[in-house]
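Hi,

Here's the structure I promised to pass on. Have a look at it first, and my notes on what turned up are underneath.

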Amino acid sequence: MPGLAWPLDLRPHPRAKAMRLRLDEARERLILSFPRRMSRRTALDWAQGQRDWVDAQLAKIQPGEPFVPGAEIPVEGRLVLLHWRPSLPRTPRLSAEVLSCGGLESAFAGRVERFLRGEARQRLSKETADAARRAGVSVKSVAVGDASSRWGSCSAAGAIRYNWRLLLAPPHLLRWVVAHEVAHRRHMDHGPAFRALEAELYDGNVVAARAELRALGPRLKRVGRPL
């Protein structure tokens, strides 16, 4: 769109009460949500007036942190060195301080990401099963993805989906997101009953956990991205 540095996605929403512009850093796009009853031209004209805000947000963006030998990435909140040597096993191995992998160097990044996604799914499945047992609810399925704006989601049918990057965060933040999504198995809103169950399942300071993940989120979402 003329005047805006990145492509703009228009998203009319039936429950939106005002226009909202956000930056999807991972996909290098601007997302404009607006009330469905509003004309697209009105929404576009408003977005054009937000160029100073867009420029300020773009100035804050840090480069990606690709999976390359010698890089350090967070895993469960601790820094881990990525190590490659062609003679090592092709299946990545994670120790306290090193994630190693062999085979072709060109395949290194893909193997590391697939490994981390698998580890995330195992960890999140275990934590979800434990939280569901304590809450007395069932969970239909657990999956991982890489959503740009959500750390987790829970459908009315009981399917829970998480962002695999939670594995990179300190364990207590992963547990909070699990508690939040499992609490939705009883309450599909964010009312007092939901908040009480969320706090019970997490057994920690929910407000502090939410703020900490919000602060860490931009860095976690840069991990594995190209420069």
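Before the details, one bit of bookkeeping: two strands are counted as paired if DSSP finds at least two bridges between them. Also keep in mind that this is a predicted model.

With that rule in hand, start with the sheet of three strands. It is open, its order is S1-S3-S2, and the pairing is mixed. At the edges are strand S1 (8–13) and strand S2 (20–24), each of which pairs on one side only. From one strand to the next, the twist averages 25°. S2 and strand S3 (residues 29–35) run antiparallel and are joined by five bridges. If you want a spot to zoom in on, Leu-23 stands opposite Leu-30 in S3. Helix H1 (residues 40–48) lies across S1, S2 and S3, and runs at about 130° to S3.

Then there's the sheet of four strands, also open, in the order S4-S5-S7-S6 and again with mixed pairing. Strand S4 (72–75) and strand S6 (93–94) each have a single partner strand, so one side of each is left without a neighbour in the sheet. S6 pairs with strand S7 (residues 98–101) in the antiparallel sense, over two bridges. Within that pairing, Ser-100 in S7 is the bridge partner of Arg-93. This sheet has a helix across it as well: helix H3 (residues 108–135) lies over S4, strand S5 (78–84), S6 and S7, at about 125° to S7.

Now for a residue worth clicking on. Glu-65 sits in the loop between helix H2 (51–60) and S4. Which residues does Glu-65 contact, leaving aside its neighbours within four places in sequence? They are Glu-72, Arg-219, Arg-222, Val-223, Gly-224 and Arg-225. With Arg-219 there is a polar contact, side chain to side chain, at 2.8 Å. As for His-83, 18 residues away along the chain from Glu-65, the C-alpha atoms of the two are separated by 15 Å.

Last, the rings. How many aromatic pairs does the count give? Zero, taking centres within 6.5 Å as the cut-off for Phe, Tyr and Trp rings. There is a charge over a ring, though: Lys-221 lies over the face of Trp-151, at 4.8 Å from the ring centre.

Shout if anything looks odd when you load it up.

Cheers

Definitions and conventions
Residues are numbered from 1 along each chain as its sequence is written. This is a predicted model: local features need pLDDT of at least 70, side-chain atom pairs count only at pLDDT 80 or more; totals for chains, interfaces and linings use all residues. Side-chain values use heavy atoms; hydrogens and water are left out. Contact means heavy atoms within 4.5 Å. Axes are lines fitted to C-alpha atoms, for helices over the stretch in contact, and angles run from 0 to 180 degrees between N-to-C directions. Rings of Phe, Tyr and Trp (its six-membered ring) pair if their centres lie within 6.5 Å; planes under 30 degrees apart count as stacked, over 60 as edge-to-face and the rest as tilted. A charge sits over a ring if NZ of Lys or CZ of Arg is within 6 Å of the ring centre and within 35 degrees of the ring normal. A polar contact is a pair of N or O atoms within 3.5 Å; within protein, one must be able to donate a hydrogen and the other to accept it, and residues adjacent in sequence count only if both atoms are side-chain atoms.
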